[in-house]
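Biologist: I'm new to this, so please take one part slowly with me: the salt bridges. I'd like to hear who pairs with whom and how hidden the partners are.

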Amino acid sequence: MPHYHFKGRDNQGNAVSGELDGVNEMAVAEQLMRRGIMPTALTEQKAKSAGITLNWSLSFSKRISLEELVMFTRQMYALTKAGIPILRAIHGLEENARGDVLRRALATLKEDLGNGKPISVSMQAHPDVFSSLFVAIIHVGENTGKLEEAFLQLTRYFELEMETRKRIKTALRYPGFVLIALAIAMTVLNIFVIPTFANIFARFGAELPWATKVLLATSHFFVSYWPALLAGTGLTVFAVRRWLKTATGMLFWHRHQLRLPIVGSILKRALMARFCRSFAMMLRSGIPINQALSMVADAVDNVYIGQHVREMRSGVERGESLLRITTNSHLFTGLVIQMIAVGEETGMVDQMIQEAAEYYEREVDYDLKTLTAKIEPILIVIVAIMVLILALGIFTPMWDMMRVFKGK
């Protein structure tokens with residue numbers, strides 16, 4: 001749970017300060033105001049290392065799947081709408097939960113609710129199951145008496161997210177299978193086929209073209225040094241994965257993901273659709289813009305875009321308009337910026353941002369449908385180059401040897 005350092009003034013106007021835990025700044029501010037303290041500054045404290053044991057346990061912790069979240073929110077919406085007490089609803093879902101992570105979290109929720117704790121406060125202790133965005137929406141629904149609407153919003157949000165992920169996986173399945181098949185084919189050729197031809201060429205002692213020499217050298221290296229090659233590949237993958245978990249590596253990878261050919265633009269629009277959908281949901285729930293931007297920065301799941309979103313939050317806190325900060329962020333298209341401008345003028349920012357999310361989703365859907373058509377020519381060129389190299393490297397010296405044999 002985030003830890004905040006606060007400064008404020010009590011009922012007598014005296015300056016006070018201290019530290020407090022809360023899911024976000026809004027929750028901490030509400031706790032302080034209930035104590036009679038008017039907060040003037042809130043600063044999130046960075047979590048310190050808790051030792052080897054904690055890090056070891058966290059490295060093996062599991063997160064809940066998106067399908068489980070959709071099922072949970074859908075069932076909670078149905079149960080709360082039917083008027084079933086929330087404690088009874090949680091108890092029933094705990095007994096039927098499939099995943100161990102969700103079952104343990106629901107057991108804790110049931111115990112906390114029995115002790116009189118609000119459900120949003122109990123959810124804060126399970127960040128691996130309930131994100132800050134999830135808890136914030138539940139917190140608002142709990143305080144306004146519209147908990148079933150909060151679960152309905154989360155259900156729709158997670159369903160759209162799951163559908164988008166499925167479309168992306170479906171579109172990348174065919175290129176993935178082709179690349180895997182090419183890798184297997186090259187492995188078989190290097191181990192079994194090319195060495196056989198190398199023995200034939202060696203017996204004839206003919207002069208070999210450059211393509212054949214390249215193929216033979218590659219095959220020899222692959223066959224003779226495959227343990228070192230395998231170990232080097234494993235170490236490289238391990239080192240890269242460790243580096244990508246660092247702040248610098250993650251920022252580098254997330255920034256360059258958006259610049260990849262063909263798929264980079266699709267990924268960026270999908271992330272912007274997630275941002276707009278999350279932001280619109282937070283605004284509809286009545287969460288202030290600066291706090292909504294802070295939580296949405298984590299929900300985007302991209303460090304590079306998250307940095308821009310936090311800069312947008314700083315602009316809001318400086319008093320800049322939403323139109324100005326979205327324009328300066330250089331993340332949005334001109335059409336979306338115009339929609340935000342209309343939303344500010346009409347007081348319907350949440351509706352315009354929701355339409356922007358739908359606009360990005362339509363763009364992503366169209367791009368995913370045409371992704372295979374865009375990737376197929378590239379795959380054909382790759383296969384053609386491989387076939388050309390094999391033809392030049394294997395069949396050309398065979399034809400030369402056949403001519404020499406016929407001449408004799």
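Modeller: A word on hiddenness before we start: buried means under 20% relative accessible area, exposed means over 50%, and partly exposed is in between (1.4 Å probe, protein chains only). This is a predicted model, with pLDDT of at least 70 needed for local features and 80 or more for side-chain atom pairs, while totals for chains, interfaces and linings use all residues. Residues are numbered from 1 along each chain as its sequence is written, and side-chain values use heavy atoms, leaving out hydrogens and water.

Searching the whole structure turns up 13 salt bridges (a Lys or Arg side-chain nitrogen within 4 Å of an Asp or Glu carboxyl oxygen). Let's start with R74 and E159, whose side chains meet with N to O at 2.6 Å. R74 belongs to helix α3 (residues 66-81) and E159 to helix α8 (residues 147-204), so this contact ties together parts that are 85 residues apart in sequence. Helices here are DSSP runs (H or I, at least four residues; strands are E, at least two), numbered from the N terminus. How hidden are these two? R74 has a relative accessible area of 37%, which makes it partly exposed, and E159 is partly exposed too, with 28% relative accessibility.

Now slide along to R269, which makes a salt bridge with D367; their closest N and O atoms are 2.1 Å apart. This is another link between distant parts of the chain, with R269 in helix α12 (residues 263-284) and D367 in helix α17 (residues 349-407), 98 residues apart. Look at the two ends of that bridge: R269 counts as partly exposed at 22% relative accessibility, whereas D367 is buried, with a relative accessible area of 6%.

Stay with those helices for one more pair. The side chains of R277 and E361 also form a salt bridge, with N to O at 2.7 Å. Here R277 sits in helix α12 and E361 in helix α17, so parts that are 84 residues apart in sequence get tied together. Are R277 and E361 buried or exposed? Both of them are buried. And this pair has company: through salt bridges that share partners, E361 and R277 join E161, R165 and R274 in one network.

So if you're clicking around in the viewer, try it like this. Find R74 in helix α3 and follow the contact to E159 in helix α8. Then go to helix α12, where R269 reaches D367 in helix α17, and finish at R277 and its partner E361.
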